[in-house]
Amino acid sequence: MKREIEKKIKSISDGIGTAAAEEMRQELTEDLVEEFDKRVDAGMSELDAYRDVLKNVDEIKKLFESLPVTEEEEAAKERKKSSANLNKILSRISSCCWLLVVIVYFWFSFTYGMWHLTWLIFIWGSIGQTFLDMIKSYNRGKALKKVLKSGLSKILWQMAVIVFFVVSFAMSIWNTSWLIFIATAIVQIILNAVLDD
C-alpha cells in the first residue's frame with residue numbers, strides 16, 4: 001500500500017509537471033507514508049489506512065496547483081497544450097478524409113465506371129493518413145529521422161501497390177509488373193541506409 005501511495009502522489013505531481021511539485025512530492029509522500037504507518041500501528045487495516053490518508057486527494061491536487069511555476073515551465077505547459085490541440089485537429093481531419101474518400105470512390109465509380117481501378121483511392125487515402133500520422137508523431141516529440149523513416153517506408157509500399165495495379169491494368173503486363181515490388185524493396189534498402197546515417 002505504501003507503494004500505491006507513492007504512485008498516487010507521483011501521478012498528481014507529474015500531472016502538474018513543475019520543479020516545485022517534484023520537490024513537494026518527495027516531502028509529501030514521506031509525510032503520508034508516516035501517517036499511513038501510524039494508522040496501521042494503531043490497528044487500522046492497510047486498506048482503510050490507505051483510504052484515510054488519501055481521502056483529501058482533491059486538496060492535495062490543489063496544493064500542487066498552488067505551487068509557483070517558472071516561465072520556462074509555463075511555456076512548456078503551453079507547448080504541450082498546443083500539441084494536444086493540434087493532435088485533436090489532425091484526428092478530426094483524418095476522420096473527415098476517410099469519409100471524403102468513400103464519397104469520392106462511389107461518385108467516381110458510378111459516374112465513370114472503372115471499378116477495377118477506383119478502389120485504389122483507398123490506398124491514396126491511406127497515404128494521406130500516413131502523412132497525418134507522421135505529423136502527429138513529430139508533434140509528440142518523436143525524432144524527425146525516425147518519423148521520416150517509418151512514414152516514408154509505408155508511403156513507398158503504398159505507392160508501389162498503386163503503380164503495380166495501374167501499370168498492370170493499363171498495359172496488361174501482369175507477368176512482369178510484379179518486378180515493381182523488387183524495385184521497391186531496393187529503394188527501401190537505399191532509403192533505410194540514407195536515414196540511418
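Ser172 sits in the loop between α8 (144-171) and α9 (174-177), and its backbone is a bit of an oddity: phi is positive, about 50°, although Ser172 is not a glycine. This is a predicted model, so treat what follows as a tour of computed geometry. Below you'll find the loop residues, a nonpolar surface patch, a helix crossing, some long-range packing and the salt bridges.

**Loop residues with positive phi**

- Most residues other than glycine have a negative phi.
- Ser172 goes the other way, with a phi of about 50°.
- Is Ser172 buried or exposed? Ser172 counts as exposed because its relative accessibility is 57%, and the cut-off for that label is over 50%.
- Met114 is another non-glycine residue with a positive phi, in this case about 55°.
- You'll find Met114 in the loop between α5 (71-112) and α6 (115-118).
- With a relative accessible area of 40%, Met114 is partly exposed.

**A nonpolar patch on the surface**

- Which residues make the nonpolar surface patch? Leu100, Val104, Trp107, Phe108, Tyr112 and Met114 make it.
- The patch covers about 590 Å².
- Met114 therefore qualifies on accessibility, at 40%, given that patch residues need over 30% relative accessible area.
- So Met114 turns up twice here: as a member of the patch, and as a loop residue with a positive phi of about 55°.

**Where α1 meets α4**

- Helix α1 (residues 2-16) and helix α4 (residues 57-65) cross at roughly 35°, and their axes come within 10 Å.
- The crossing of α1 past α4 is right-handed.
- On the α1 side, the contact is made by Lys8, Ile9, Ile12, Ser13 and Ile16.
- On the α4 side, Val57, Ile60, Lys61, Phe64 and Glu65 do the touching.

**Helix α10 and its distant neighbours**

- Thr184 is in helix α10, which spans residues 179-196.
- Is Thr184 buried or exposed? Thr184 counts as buried because its relative accessibility is 6%, and buried means under 20%.
- Setting aside neighbours within four places in sequence, Thr184 is in contact with Leu156, Trp157 and Ala160.
- Ala183 is also found in α10, and at 39% relative accessibility Ala183 counts as partly exposed.
- Ala183 and Ala160 are 23 residues apart along the chain, with 9.0 Å between their C-alpha atoms.
- Val187 has its place in α10 as well, and is partly exposed with a relative accessible area of 40%.
- How far apart in space are Val187 and Leu156, C-alpha to C-alpha? They are 8.4 Å apart in space, against 31 residues apart in sequence.
- Leu156 and Ala160 thus come up again from the Thr184 contacts, which include both.

**Salt bridges**

- How many salt bridges does the structure hold? The structure holds 6, and three of them are described here.
- In helix α1, the side chains of Lys7 and Glu4 meet in a salt bridge at 3.8 Å, N to O.
- Lys7 and Glu4 are 3 residues apart in α1, about one turn of the helix.
- Both ends of that pair are partly exposed: Lys7 has a relative accessible area of 45%, and Glu4 is at 34%.
- Glu34 forms a salt bridge with Lys38, the closest N and O atoms being 4.0 Å apart.
- Why are Glu34 and Lys38 separated by about one helical turn? It's because they are 4 residues apart in helix α2 (residues 19-41).
- Glu34 is partly exposed at 45% relative accessibility, and Lys38 is partly exposed with a relative accessible area of 47%.
- The side chains of Glu35 and Arg39 meet in a salt bridge too, at 2.8 Å, N to O.
- Glu35 and Arg39 both lie in α2, 4 residues apart, again about one turn of the helix.
- Glu35 is partly exposed with a relative accessible area of 29%, and Arg39 is partly exposed at 22%.
- Salt bridges that share partners join Glu34, Glu35, Lys38, Arg39 and Asp52 into one network.

Technical notes. Residues are numbered from 1 along each chain as its sequence is written. This is a predicted model: local features need pLDDT of at least 70, side-chain atom pairs count only at pLDDT 80 or more; totals for chains, interfaces and linings use all residues. Side-chain values use heavy atoms; hydrogens and water are left out. Patches are made of residues with over 30% relative accessible area and no salt bridge: like charges are joined within 9 Å, nonpolar side chains (Val, Leu, Ile, Met, Phe, Trp, Tyr) within 5 Å. Accessible areas come from the Shrake-Rupley method with a 1.4 Å probe; for residues, only the protein chains shown count as cover. Helices (H or I, at least four residues) and strands (E, at least two) are DSSP runs, numbered from the N terminus. Buried means under 20% relative accessible area, exposed over 50%, partly exposed in between (1.4 Å probe, protein chains only). Contact means heavy atoms within 4.5 Å. Axes are lines fitted to C-alpha atoms, for helices over the stretch in contact, and angles run from 0 to 180 degrees between N-to-C directions. A crossing is left-handed if the near helix is turned anticlockwise from the far one by less than a right angle, and right-handed if clockwise.
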